[in-house]
Amino acid sequence: MGTNPPRKPRLDDRALEPYPLRQSLSVNAQKLAALRDNAATEWISKPDHYLLVDDGEQLTLCAANEQALEEATPLVAAALGASARFGTPRAHGTVRPHDGARLQPVMLVRVEVLRAHAAHVREELARRGAGLVEEDPQADRLVLRAEAPLAALIGYRQFLRDTTNARFEFWSWLARYETADT
């Protein structure tokens with residue numbers, strides 16, 4: 001008895017919940033057909049970081065966080081060529097099965113910056129609705145740990161680049177899904 005190939009996830013599939021950051025892609029019909037013929041969505045994807053999903057109607061780049069999306073974008077662009085058009089990244093929620101409540105992704109965040117930038121970085125996290133969990137001063141640096149809705153964090157890496165002259169470390173992980181009013 002042969003083994004069944006792994007089932008491809010659909011955009012509404014619970015298997016995609018670990019990838020709450022989404023970006024739609026459009027390519028010309030010829031490039032899309034070639035992509036499908038070569039099963040390129042599988043070899044372009046990097047599980048645990050990002051997946052390129054073809055739901056039969058469109059392509060969507062599903063990422064674990066903004067850093068993974070930034071890693072994937074140039075690779076996908078190179079694979080798809082000049083016809084590739086990327087949509088705006090967006091946070092993708094889910095629906096709680098038992099009551100239909102809409103849930104949003106909440107991220108754990110760790111930011112490390114020079115102390116000279118700490119006040120601006122802390123203020124921007126607060127402006128984006130982050131709840132500060134911990135501040136850890138370390139010599140000339142400060143480590144901030146927080147939780148924030150993913151939708152509010154989109155673009156935060158660029159803010160850090162601009163504010164710190166690219167002298168920062170930033171990590172984010174999916175913590176949980178929760179109702180928007182929690």
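At 33% relative accessibility, Arg176 falls in the partly exposed class, because burial requires a value under 20%. This assignment, like those that follow, was derived from a predicted model. Arg176 engages Glu147 in a salt bridge whose closest N and O atoms lie 2.8 Å apart. The two residues are 29 positions apart in the chain and connect distant parts of it, with Arg176 belonging to strand β10 and Glu147 to strand β9 (residues 141-149). Glu147, with a relative accessibility of 25%, is likewise counted as partly exposed.

In total, 12 salt bridges were identified. Among them is the pair formed by Glu124 and Arg128, in which the closest N and O atoms are separated by 2.8 Å; both Glu124 and Arg128 are buried. Glu112 and Arg110 form a further salt bridge, with 3.3 Å between the closest N and O atoms, and these two residues are also buried. In addition, a network of salt bridges links Glu70, Arg157 and Arg161.

Arg22, located in strand β1 (residues 21-26), presents another arrangement. Arg22 is buried but takes part in no salt bridge, and the nearest side chain of opposite charge, that of Glu17, is 7.9 Å away. A polar atom of the Arg22 side chain is, however, found 3.2 Å from the backbone oxygen of Leu16.

With respect to overall architecture, the protein contains six helices and 10 strands. The C-alpha trace spans about 60 × 45 × 30 Å along its principal axes. Of the 182 residues in the protein, 41% are buried. Among contacts between residues at least 6 apart in sequence, 69% connect residues that are at least 24 apart.

Strand β7 (102-114) pairs with several other strands. Its pairing with β10 is antiparallel and comprises 11 bridges, in which Gln104 has Glu178 of β10 as its bridge partner. β7 also runs antiparallel to β9, to which it is joined by nine bridges; here Arg110 stands opposite Arg145 of β9. Strand β6 (residues 94-95) pairs with β7 in the antiparallel sense through two bridges, and the bridge partner of Thr94 in β7 is Leu103. β6 and β7 constitute a hairpin with six residues between the strands, and Gly100 in the turn adopts a positive phi of about 75°. Because 10 of its 13 residues are buried, β7 is largely enclosed by the rest of the structure.

A second hairpin is made by β2 and β3, with four residues between them; in its turn, Gly56 has a positive phi of about 95°. The pairing of β2 with strand β3 (residues 59-63) is antiparallel and extends over five bridges, with Asp54 having Leu59 of β3 as its bridge partner. All five of the five residues in strand β2 (residues 50-54) are buried, so this strand is largely enclosed by the rest of the structure. Its two faces are both covered: Tyr50, Leu52 and Asp54 are buried on one side, and Leu51 and Val53 are buried on the other.

Helix α6 (residues 156-164) has as its buried residues Tyr156, Arg157, Phe159, Leu160 and Thr164. These residues lie on the same side of α6, because the arc they cover around the axis is only 155°. The packing partners of the buried α6 residues are α3 (66-80), β7 (102-114), α4 (115-127), α5 (150-153) and β10 (168-179). Arg157 thus belongs to the buried set of α6 and is also a member of the salt-bridge network with Glu70 and Arg161. Just after the helix, Asn165 assumes a positive phi of about 55°.

Notes. Residues numbered from 1 in each chain as written. Predicted model: local features only at pLDDT ≥ 70, side-chain atom pairs only at ≥ 80, totals over all residues. Heavy atoms only, no water. Buried < 20%, exposed > 50% of the residue type's maximum accessible area, 1.4 Å probe, protein only. Arc of directions from axis to C-beta. Contact = heavy atoms within 4.5 Å. Salt bridge = Lys/Arg side-chain N within 4 Å of Asp/Glu carboxyl O. Lys, Arg positive; Asp, Glu negative; His and termini not counted. Polar contact = N/O pair within 3.5 Å; in protein donor to acceptor, adjacent residues only side chain to side chain. Pairing = 2+ DSSP bridges.
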